[in-house]
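Biologist: I should like to learn how to read the features of a structure that is new to me. May we begin with one residue and work outwards?

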Amino acid sequence: MYKKSECLFESRFPALEYVLEEVVNENKKIIALTADISSRIVPRFVVNHPDRFFNFGIAEQNMFGAAAGFASAGLIPFAMTLSVFVTMRACEQIRTDIAYTNSNVKIIATGGGLAYGKLGSTHMGIEDISLMRSIPNMTIIVPADSVETTHAIREAVRFNGPVFIRFGQKENPIVHVNGLQKEFVIGKAIKLRSGNDISFIATGVMVSKAIEACNELKKLGIYASVYSFHTIKPLDKEAVLDAADSKYGLITLEDNNVNGGLGGAVAEVLGSEKPRPVKRIGIPDLYPVIGSPEELYKEYNMDVSAIVRTSMEMTKQDIG
Amino acid sequence: MKREELIHDLEEKAYLMRRETIRMIVESGSGHPGPCLSAADILTVLYFHVLRIDPERPYWEERDRFVLSKGHAAPILYTILAHRGYFPKEALSTLRQINSILQGHPDMTKTPGIDMTSGSLGHGFSASVGMALGGKLDKKRFRVFVMLGDGECQEGLVWESAMSAAHYKLNNLIGIVDYNKLEYDGEISKIMEIAPLVDKWQSFGWHTRRINGHNMAEILDALNEAIVIRERPTMIIADTIKGKGVSFMENDYKWHSIVDLKLMKEGLKGLGG
């Protein structure tokens, strides 16, 4: 039967909300926790499942600590708020109460990367992936679109242990316009395009940009592979090594600080197993100026034309 | 058992728990003796009389939970758990040794009987709120008991948790503050005053009761009262003495940690060891 969560939403929040409703109907252990942000993320869930919803107010540390307590009582909490407050304000709760205890808590982080670019660095989750990567027992998923979102939530429910699921902008283009062509497996990247010159290892909002850049490059006679690394931890090493077979090297693309995120993870694998040139496209190691996400992607050479430019430089450099 | 007999029995057990705890800290050469001794009587009453637990089934879903939010007092809890049969008493001599199940702060994944990992102050209390909420949601009858240190009450997280427990009317959550008035650096009132503690908990919506935390009858009465309180969580503010039971440790903040191992061995003799 056709499920609402499988609709192709441009926005990922409705997908998140519909899939949460579906899973809570299937599994009564699921509950939702928020820190005064429910009306933005899961308004329908609050109305339809008031008994399974807990608002902790603007007290993120307590929400994540309590989430560990809920999990110890056998429940499956989905605790959600803005990524910067998830990963920084409540970092110790996530590390000590949730990850160290390997508790079955699902962490939903919204506004990751430059999504809240107009609000300033106080609200930007620009280091969240790097922070979560350094925490043992943590699984990190960054869906590229609403299709991956639906699958990520379902797989997170099946998976027993902490999962950090990170969302960026509320709306972004659908990558999997015909639905997923193969099974969504945590820790397994999805190859979306094949090309021998260069490989794009992308995650989250950057996947659709990588596909656009791939289409542009084709016109210039440069052929790129594109992978959606929806899971950043555990990293799909096999896919990284496969991508490393490209003629000129790899470009990693992420809406996160270029230090310690997807690019860092890929470089770690290649450095020890298959040294290849890697360019890391992402947020530079600074506090961004303010602007809309698209303006900021341009400002920091993360937009499609910058990806094309970087790709051309990479191929020329190698030739020259 | 008559009440007088029960109290006498609990006093004897607490004496034994103190001795075995000091013995394990001496053997280990590191640990927090002072905070263990102030909590000894309350933990003895909980584990030998109040908690509905089954050491044969440490993960029994309906069991009462206990969270030692002042996780640095782990040795007294380990001693009690071993004497209740959660693991062999021989394990007590492995405290803080490599690969031991008994580390400096409680770990629920390593030690049978530990319901929540703790040690980072404020965290255990926050988790106990989630446990109590989870129990209510699933209509379970278990109660959640949590012990906080008085110095721990300086953590902001404690008050976030306090607010949420009252908001959700967690009458299945019972806290005890081990109010020994001392922290690592000295007197709480000089470092960062937390008084008036009873007023603070009351204004956060908690039922409160102040007791002598070394008087078995008062501990029993306060816990029995807390269990039947409706609509509100209870915080028992227990006046205690840091280092209680070893004369030279009593009320000396320096005995938060080991000051002098040789002297501590002498103290063991005073406890009949």
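Modeller: Certainly. Please bear in mind that this is a predicted model. Leaving aside neighbours within four places in sequence, W201(B) is in contact with F125(B), C153(B), V158(B), W159(B), A162(B), V177(B), W206(B), T208(B), M235(B) and I237(B).

Biologist: To which larger grouping does W201(B) belong, as one of the residues with the most contacts inside it?

Modeller: In soluble globular proteins, nonpolar side chains tend to be buried together. Here the largest nonpolar core has 135 residues, and W201(B) is among those with the most contacts inside it, together with L43(B), L46(B), F66(B), F125(B), L173(B) and L223(B). Helix α2 of chain B, residues 33–50, gives the most to this core, with ten residues. Domain 1 (4–166) and domain 2 (190–319) of chain A both contribute residues, so the core lies between them. A second, separate core of 33 residues includes V23(A), M80(A), L180(A) and I190(A).

Biologist: How should I read a helix such as α5(B), and how many of its residues are buried?

Modeller: An α-helix has 3.6 residues a turn, so residues three or four places apart point the same way. Helix α5(B) covers residues 156–167 and reaches 17 Å from its first C-alpha to its last, close to the 16 Å expected. Nine of its twelve residues are buried, including V158(B), W159(B) and A162(B); these three are also contacts of W201(B).

Biologist: Against which elements do the buried residues of α5(B) pack?

Modeller: They pack against elements of both chains: α4 (60–72) and α6 (91–99) of chain A, and α4 (123–137), β2 (144–149), β3 (173–179) and α7 (197–203) of chain B. After the helix comes K169(B), with a positive phi near 50°.

Biologist: Why does the length of α4(B) agree with that of a helix?

Modeller: At 1.5 Å a residue, its 15 residues should span 21 Å, and its end C-alpha atoms are 21 Å apart, so the two values agree. Helix α4(B) is mostly covered, with 14 of its 15 residues buried. K139(B), which follows this helix, has a positive phi near 55°.

Biologist: How many residues of each chain are in contact across the interface?

Modeller: 25 residues of chain A are in contact with 24 residues of chain B. The two chains bury about 2000 Å² between them, 57% of it on carbon and sulfur atoms. The rule finds one salt bridge across this interface. K29(A) forms a salt bridge with D138(B), with the closest N and O atoms 3.3 Å apart.

Definitions and conventions: Residues are numbered from 1 along each chain as its sequence is written. Chains are lettered from A and ligands numbered from 1 in the order in which they are written. This is a predicted model: local features need pLDDT of at least 70, side-chain atom pairs count only at pLDDT 80 or more; totals for chains, interfaces and linings use all residues. Side-chain values use heavy atoms; hydrogens and water are left out. Helices (H or I, at least four residues) and strands (E, at least two) are DSSP runs, numbered from the N terminus. The expected span of a helix is 1.5 Å times one less than its number of residues. Buried means under 20% relative accessible area, exposed over 50%, partly exposed in between (1.4 Å probe, protein chains only). Contact means heavy atoms within 4.5 Å. A nonpolar core is a set of buried Ala, Val, Leu, Ile, Met, Phe, Trp, Tyr and Cys residues joined through side-chain atoms within 4.5 Å. Domain bounds come from an automatic or database domain assignment. Buried area is the accessible area (1.4 Å probe) that two parts lose on being put together, summed over both. A salt bridge is a side-chain nitrogen of Lys or Arg within 4 Å of a carboxyl oxygen of Asp or Glu.
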